[in-house]
Amino acid sequence: MITVMGAGAFGTALAISLAEAGHPVTLWSRDHEQVSAMRLARENAHRLPGIPLPQFLAIDTTIPAGTGPVLLAVPMQQMRDVIKQHRATLEGRDLVACCKGIELSTTMGPVAILRQMIPDSAAAILTGPSFARDIARGLPTALTLACADPEKGIVLQQSLTTRNLRIYRTTDTIGAELGGALKNVIAIAAGAVTGAGLGDSARAALMTRGYAEMQRLALSLGARPDTLSGLSGFGDLVLTCTSPQSRNMRFGMALGKNEAFDPTITVEGAATARATLQRAAEEGLEMPITAAVVALLDGKIQLRQAMDMLLSRPLKEE
Ligand SMILES: NC(=O)C1=CN([C@@H]2O[C@H](COP(=O)(O)OP(=O)(O)OC[C@H]3O[C@@H](n4cnc5c(N)ncnc54)[C@H](O)[C@@H]3O)[C@@H](O)[C@H]2O)C=CC1
Ligand SMILES: O=C(CO)COP(=O)(O)O
C-alpha cells in the first residue's frame, strides 16, 4: 500500500497516477470535510477540478498501518509539523518528500528534515519538472527520485514509476532538493520580469544567471553538477520560468505588475528565497537575484530598481 499525505494538487495527482497503475493507494488528508467531499464527488474539486479520481483510490483521514512507502506532498514549511504529528505511524517506513523548498526556521531541505525527525526510515525526494494537472491528466512527465541508499532508490524508482511518470534515479539528495527549491525563487524573478513587460531576452538572461546562482550554492553545499543540470535542476527551472501554469511564476508576474496575489495559493519560492539568502550568507556566497527577490517581497525596492541593481553590478567573466 502506498500512502500519499496531502490531498493538494500534487498529492492528488501522484495518487491518481499510482492508483491508475494498479497500486493500492490511500490519499490522506487532515480535513474530514474534504475527504467526504472527495469520496462523494470522486474529484478534488478544489485543486484539480474536472479530473476524476480512479475508482480504487482510497481517501482517508487515517494513515493506513503497514510497511509501504509514504509520499509527503505537503508544503515545505508545514512538513516538519506533519511529521511530528504522525511520527509513530511513519517510523520504519520509506519516506519520500514530494515538496520543493528550504525550511525558513532551520535552512534545512526536506530530506535533511526527514533524516533528523525519523532517523530509522529511508529518506528520499521525488522532484523534477511536472505540473500536478499534467500528471493527473495522464500526460507524460519525467522526475528524479533521489535516495542516498542506492538499493532503496532502485526499489522506490520501480514502485513509483507509472505509465506517465518516468522516474530517473540518483543518490544525490542535496542536489535534487536544492534544484527543486531554488528554481522556484528564480521563477518568481522570471515572473516579475515578464509581468513588468521587460521582454523575453531579459527573462532568458535572468534564467541563465539564476541557474549560475543555483549552482553556486548547491555545489558549495555538496551537490553534484550533473544533478543540477538534470531534471530536478535545469529541467524544472525551464518549466517553472516559462509557463504561467507555475504558481511561483504567476506570483512573480503579479509582483511585476504591482497586483495583489491570492495568499491561499501555495508559493514555495517566497519563504525559500529568504531561507536561501540566509544559507548563502553562511556560505559566504553572493546570490544577487535571490537578494533582489527578497527585497521585492519585503517591499524595499520596486522592480525597476531591482533590475538597475542587477545590471549595474561589476562587469565580470561569465
Ligand atoms: N502543484 C504542482 O504542480 C507541484 C507541486 N509540487 C510541490 O508539492 C508540494 C505541495 O504542493 P501542492 O500540492 O501543489 O500544494 P497545494 O496547496 O495544492 O496543497 C497542499 C496540501 O497540503 C495540505 N496541508 C497544508 N498544511 C498541512 C498540515 N499542516 N497538515 C496536513 N496537511 C497540510 C493542504 O491542506 C493541501 O491539501 C509543494 O512543495 C510543491 O512545490 C511539486 C511538483 C508539482
Ligand atoms: O514545481 C512545479 C513544477 O515542477 C510546480 O511549480 P509551482 O509550484 O510554481 O506551480
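Modeller: In this predicted model, axes are lines fitted to C-alpha atoms, for helices over the stretch in contact, and angles run from 0 to 180 degrees between N-to-C directions. On that footing, the axes of helix H7 (residues 173–195) and helix H13 (residues 288–297) come within 9 Å and cross at roughly 70°.

Colleague: Why are H7 and H13 called roughly perpendicular to each other?

Modeller: Angles of 65 to 115 degrees count as roughly perpendicular, and the crossing is at roughly 70°, so H7 and H13 are therefore given that name. The crossing in which H7 passes H13 is left-handed.

Colleague: Which residues make the contact, and how do they divide by class?

Modeller: Val-185, Ile-186, Ile-188, Ala-189 and Ala-192 of H7 meet Ile-289, Thr-290, Val-293 and Leu-296 of H13. By class, this contact has eight nonpolar residues, one polar and no charged ones; Thr is outside the list of types that count as nonpolar or charged, and is therefore polar.

Colleague: What makes E3 and E8 the edges of the sheet?

Modeller: The open sheet of eight strands has the order E3-E2-E1-E4-E5-E6-E7-E8, with mixed pairing. Strand E3 (58–60) and strand E8 (165–170) each have a single partner strand, so one side of each is left without a neighbour in the sheet.

Colleague: How do you know that strands E5 and E6 pair?

Modeller: Pairing requires at least two bridges, and three bridges join strand E5 (residues 95–97) to strand E6 (residues 123–127), the two running parallel. Within E6, Ala-123 is the bridge partner of Leu-95.

Terms used:
Residues are numbered from 1 along each chain as its sequence is written. Chains are lettered from A and ligands numbered from 1 in the order in which they are written. This is a predicted model: local features need pLDDT of at least 70, side-chain atom pairs count only at pLDDT 80 or more; totals for chains, interfaces and linings use all residues. Side-chain values use heavy atoms; hydrogens and water are left out. Helices (H or I, at least four residues) and strands (E, at least two) are DSSP runs, numbered from the N terminus. Angles under 35 degrees count as roughly parallel, over 145 as roughly antiparallel, 65 to 115 as roughly perpendicular and the rest as oblique. A crossing is left-handed if the near helix is turned anticlockwise from the far one by less than a right angle, and right-handed if clockwise. Contact means heavy atoms within 4.5 Å.
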